[in-house]
Amino acid sequence: MKTVNIYNKVKAVLFYLLLLSFPPALLSSCSDFLDILPMNSTVLENYWKEKADVTGAVNGCYEALAAEDVVTRMGVWGELRSDNIVAGTNVPNHINEMLRENLLPTNDMCKWASLYNVINRCNIVCHYAPEVQEIDPNYTYNEMKATIAEMKTIRALCYFYLIRAFRDVPYTTEPSIDDNQNYVLPATPFNAVIDSLIYDLEGVKDDAQRRFELEKVQNKSIYVPDANTSRITRWATYALLADLYLWKGDWDNVIKYCDMVIDYKAQVYNELLQADQINDIELYDGIPMIIEATVKGTKDVGNAYTSIFGTGNSFEGIFEIYYNGNTGQENNFISNYYGNRDNPIARLKAPEFLMENLSSNTNQLWQSSDCRAYEAIASEGTSYSITKYVRQSASFSLRSTSNVTVSGDRRTRKDANWIIYRLSDVMLMKAEALIERSESDWPEAFKLINNVYKRGNNISPETTTGSLTYETYAISKDKMEDLLFEERQREFLFEGKRWFDLVRLARRDGKTERLSSNTIRKHSVDQNVIKIKLTDPNYIYFPYAKSELKVNPLLVQNPAFSNTEEGVLK
């Protein structure tokens, strides 16, 4: 055996001993074992002998998913090029260039190795879990199937981020476990990857765990949010399937899977209601949502923000990447939102148009009554800092919108969960599919959009005053789509979704006009130059990193970047 493999074996043993010493929630930096893959298969196979080995590797996949390089790319790829964010203070050059739509293949954010690391970990678990099940009677067949469903969902999620950012990417479900294996692959087209991911998840969706933990209250077993939103459950798999079908344009299946998640949340609500555990959730046309004002009829608000983003793992959560500050891992993407006492403007800030004229009720995006504007953004003189995820809690009054002051502690640690899916996302995915499917579905789509809007504006479910008006938007499909994407922008501001939403819209349109007109709103200079760049449908995707082109000769650079000096191999 080679020296390097003896070293790998020792590290693997230490990894598992350490791993088995701590509960999953306390895992922090035990990633060396899989960070050094590929290794000789003889070494790896020595450790796939019992259920604990599988459990340790699964925990390692979650740890890798929460790594700084992964979550930073989720945020950067999904948010920075959109109209939500501009440069703040002391912005690193590679981020500043991206904000200016000056993308080059030498930009660090074009590197994707960290996501492929997660993918390979998942591939390895899927490869070895069946073998462990055959030799360890404590690891049941159904447990093995649930493990594979969990790993395939995380794998699909990573691929989904990659194709939305780069369009065509190398795709494999085979693990890299041997020094001699060759994993230089050409890029698989976007649509083929989507189809493969859907096929994969359709095959395992009903094997995924329904719930990981229940709690006994008054002799009733009730849902525990913390344990069921930081792991992949069946409902997270359904939410991802709905999203994949949304990008594919299969409206019936989007609606089908969204309904499954919505129905499940209604079931959980009823269970909590029977156990007398409901105090801040109301039904909006049968869909339970956390309310902004805990005292009905008052304008003292902020509760929904505190539950969803402050505390995290809320009732509405479906899947969140978990941080608790004690593990050593932090959500370092949101560190770009953090200022300090002397300068509250961080590396990234909100553009002026998002907040200007809000108090006079003439803002482009918000009504002055919209709690989400005040919760997500704070005025700092002539600039606007991002406060979503930064605040631990939010509390304020909307009795007067001329001078709204939000109180609430800011986080001392960057330990906010990164939310992948929550209930309002599923509601708005369903609304989008209904709009696209048929004009006869528009009233139902509008109702879903309006319910998300009403919660955000502290409007009680049964109240019509102040809510949106169907007739205003039902005059055309474009108007309904604009309403949907505006509501998504309001609801998911700074959550790493906006650029992907604009790309999906451009793909559906077959042109980039709406993407471009939204994006250039934040640019005060070079608007025409940026608009010209964005007319090229290839430019809405990121270039392949120059370093990736060097190691993988089968990759062909995105044509929007192939003529740049940095995009051509020397």
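**Entry 1: the open sheet.** I looked up the four-stranded sheet in this predicted model and found it to be open, with antiparallel pairing and the strand order β1-β10-β12-β11. I then asked which strands stand at the edges. They are β1 (86-87) and β11 (377-380); each has a single partner strand, so one side of each lacks a neighbour in the sheet. I recall that strands of a sheet pair through backbone hydrogen bonds, in a parallel or an antiparallel manner.

**Entry 2: the β10 and β12 pair.** I next examined how strand β10, residues 348-350, is joined to strand β12, residues 383-386. The two strands run antiparallel and are connected by two bridges. For Ala350, I noted Tyr384 as the bridge partner in β12.

**Entry 3: Arg121.** I located Arg121 in helix α7, which spans residues 113-135. Is Arg121 buried or exposed? Its relative accessibility is 2%, and because buried means under 20%, I recorded Arg121 as buried. I also asked which backbone oxygen the side chain of Arg121 reaches. That atom belongs to Gly60, and the distance is 3.1 Å.

**Entry 4: the whole chain.** I registered 22 helices and 14 strands in the protein chain. The chain has 570 residues, of which 59% are buried. I considered the contacts between residues at least 6 apart in sequence: 70% of these join residues at least 24 apart. Finally, I noted the exposed area of the protein chain as about 22800 Å², with carbon and sulfur atoms supplying 47% of it.

Terms used. Residues numbered from 1 in each chain as written. Predicted model: local features only at pLDDT ≥ 70, side-chain atom pairs only at ≥ 80, totals over all residues. Heavy atoms only, no water. Buried < 20%, exposed > 50% of the residue type's maximum accessible area, 1.4 Å probe, protein only. Polar contact = N/O pair within 3.5 Å; in protein donor to acceptor, adjacent residues only side chain to side chain. Pairing = 2+ DSSP bridges. Contact = heavy atoms within 4.5 Å. Areas by Shrake-Rupley, 256 points an atom, 1.4 Å probe, with all protein chains shown as cover.
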